[in-house]
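Thanks for coming. I will take a few minutes to walk through this structure for those who have not seen it before.

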Amino acid sequence: MGKKRSIEWNKILEILLIFLIIPTFIFYLIGLRQPSFLNNAYYSLVWLFIFQAGLSYLYSLSAFQRGKFKELPTAEHIPVPKTTFIVSAYLPNELEVIVDTLLNILERIQRPDAGIELILAYNTPHMEGIEPHLRELAYKWPELMLANAYGSRSKSENLNYALEIASGEMIVLLDADHLVAVDCLKRAWRWLDEGYNVVQGRCKIRNGKKSPVSALIEVEFEAIYGISHYAKSKLFDSTLFGGTNGYWRSEVIKKIKFDPGRLTEDIDATLRAILQGNHIVHDRSIISTELAPETITGLWFQRKRWAQGWFQVSLKYQAAILKSRFLNIFQKFMWTTLLMWRVVYDILSHLLFPVVFAFWLARGKIEMPMNSFIWFALFFVMLSGPFETMVAYKNASLPRAPLWQYFYYAFLTFWYTLFKNTIQVVAIRDELLGKREWIVSRRGK
């Protein structure tokens, strides 16, 4: 916890060597023997970017209009049952935020007639000075259960420990920094009442004004939860559980549980649930606020863990997704774009610059291979980010971030995408070398 960390520049240099310098000379030598190679590679990569941008436009257009809940005939109109909130925490890292999270649930949430229980599932390297205040809360609020998962070394083990003692018919999973909306239970239960097994709510950043990094992430989350997740749910009737602000039928999550060996235990659980025939829906009206990393270093390690975890599940579940009898062809397409396609794209997208540089070496001068098609592709790809940002602003959760943040995000979209793609490839590198490290995100007010 006390170890000071910085961006892994040595790994970035490795990636530049492997994906920029070496390929440039390889492509140059191939181009000398096969003059058409560089041209074919160039256009193939351009089509790759067009396809990826096309997905962005598809999701943005489908999410352009605000959705409204429409009750299905399958609704049984059963009242909201007893609900268990499970808040997972690593203490003392999250001690500054955990009390606010617990009191938000205990004092503000609209409770069902059957009542609620709140389980704080935590692990800690030392107990001194941490638990007395929590015990005071538990004494005041009988609904609060303190579940110290002794020996736990991961969020997954914390959650699995809490699931063993959870008694609610609906189980809500929250991270330690989440302040969930007061009406979350009735909004989530209406979907479970209709037959869905999991509801994923919308996560909103509340510390966007703290730094340029958190300002960027605040708008990014509006695009992720207000467009990407929502559009997938709307278009394909399938989406993912993002690790927090998720509402599960008790019998489903107790059967699925979480794999401590996965860096993204939420995505692993999502895929196992889907492959067993369970249905997940995204409701962007169920809002929970959280804290974003405020530094580039914090963002780097958070997103590298996410990327490495996605790579793990892509390797493990892609074949099963294609064979699944519970998914139709469109759902299989959606999940393939999230799994192996993203791996292929992350790797191949890095090769555009080597192809162009090899073209320059072959010509002996710097010139851009442009024609009407390439100009179209350039504008089509470059405008996809600003267009998504515009839709994110239109459908943003209230209160919206200031307009300048959306211009800020749109302006930096291209460079931010390059940054995230670099993280993706570094994560793949770490996974292939067996380097799996969970860097705890720092939490504070």
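**Helix 1 and its salt bridges**

Let me start with Lys11, which is buried, with a relative accessible area of 9%. Keep in mind throughout that this is a predicted model. Which residue does the side chain of Lys11 meet in a salt bridge? The partner is Asp430, and the N to O distance is 2.9 Å. Lys11 lies in helix 1 and Asp430 in helix 16, so this pair ties together parts that are 419 residues apart in sequence. Asp430 also counts as buried, at 1% relative accessibility. The cut-off for buried is under 20% relative accessible area.

As background, side chains of opposite charge can pair when their charged atoms come close. Lys11 and Asp430 belong to a network of salt bridges that also links Glu8, Glu14, Lys304 and Arg429.

Now to helix 1 as a whole. Helix 1 runs over residues 9-33. Its 25 residues reach 35 Å from the first C-alpha to the last, close to the 36 Å expected at 1.5 Å a residue. Where does helix 1 bend? The bend is at Pro23, by about 35°.

Pro23 is one of the buried residues of helix 1. The others are Lys11, Ile12, Ile15, Phe19, Thr24, Phe27 and Gly31. What do these buried residues pack against? They pack against helix 2 (36-62), helix 10 (296-323), helix 12 (340-348), helix 13 and helix 16 (403-432).

Helix 1 also contributes to the surface. There is a nonpolar surface patch of about 680 Å², made by Leu17, Ile18, Ile21, Ile22, Phe25, Ile26, Ile30 and Leu361. Helix 1 gives the most to this patch, with seven residues. Leu361, on the other hand, lies in helix 13, which covers residues 352-363. Leu361 is partly exposed, with a relative accessible area of 41%.

**Other salt bridges**

Next, the remaining pairs I want to show. How many salt bridges does a search of the whole structure find? The count is 22.

One of the pairs is Glu220 with Lys420, whose side chains meet at 3.0 Å, N to O. Glu220 lies in helix 7 (residues 212-236) and Lys420 in helix 16, so the pair ties together parts that are 200 residues apart in sequence. Helix 16 has come up before, as the helix that holds Asp430. Is Glu220 buried or exposed? At 3% relative accessibility, Glu220 counts as buried. Lys420 is partly exposed, with a relative accessible area of 24%.

Another pair is Arg436 with Glu431, where the closest N and O atoms are 2.8 Å apart. Here Arg436 is partly exposed, with a relative accessible area of 49%. Its partner Glu431 counts as buried, at 11% relative accessibility.

**Some points in the loops**

Last, a few residues outside the helices. Ser324 sits in the loop between helix 10 and helix 11, the latter being residues 329-338. Ser324 is buried, with a relative accessible area of 7%. What does Ser324 touch, if residues up to four places away in sequence are not counted? The contacts are Leu275 and Lys332.

Then the backbone. The peptide bond from Leu398 to Pro399 is cis, with omega near 0°. Pro399 is in the loop between helix 15 (384-394) and helix 16.

Two further loop residues have a positive phi without being glycine. For His77, phi is near 60°, and the residue lies in the loop between helix 2 and strand 1 (83-90). His77 counts as exposed, at 56% relative accessibility. For Lys257, phi is near 55°, and this residue is in the loop between helix 8 (250-256) and helix 9 (265-275). Lys257 is partly exposed, with a relative accessible area of 27%.

To go back over the main part: helix 1 bends at Pro23, its buried residues pack against helices that include helix 2 and helix 16, and seven of its residues go into the nonpolar patch. The salt bridge from Lys11 to Asp430 is where I began, and that is where I will stop.

Terms used. Residues are numbered from 1 along each chain as its sequence is written. This is a predicted model: local features need pLDDT of at least 70, side-chain atom pairs count only at pLDDT 80 or more; totals for chains, interfaces and linings use all residues. Side-chain values use heavy atoms; hydrogens and water are left out. Patches are made of residues with over 30% relative accessible area and no salt bridge: like charges are joined within 9 Å, nonpolar side chains (Val, Leu, Ile, Met, Phe, Trp, Tyr) within 5 Å. Accessible areas come from the Shrake-Rupley method with a 1.4 Å probe; for residues, only the protein chains shown count as cover. A salt bridge is a side-chain nitrogen of Lys or Arg within 4 Å of a carboxyl oxygen of Asp or Glu. Helices (H or I, at least four residues) and strands (E, at least two) are DSSP runs, numbered from the N terminus. Buried means under 20% relative accessible area, exposed over 50%, partly exposed in between (1.4 Å probe, protein chains only). The expected span of a helix is 1.5 Å times one less than its number of residues. The bend at a residue is the angle between axes fitted to the seven residues ending there and the seven starting there. Contact means heavy atoms within 4.5 Å.
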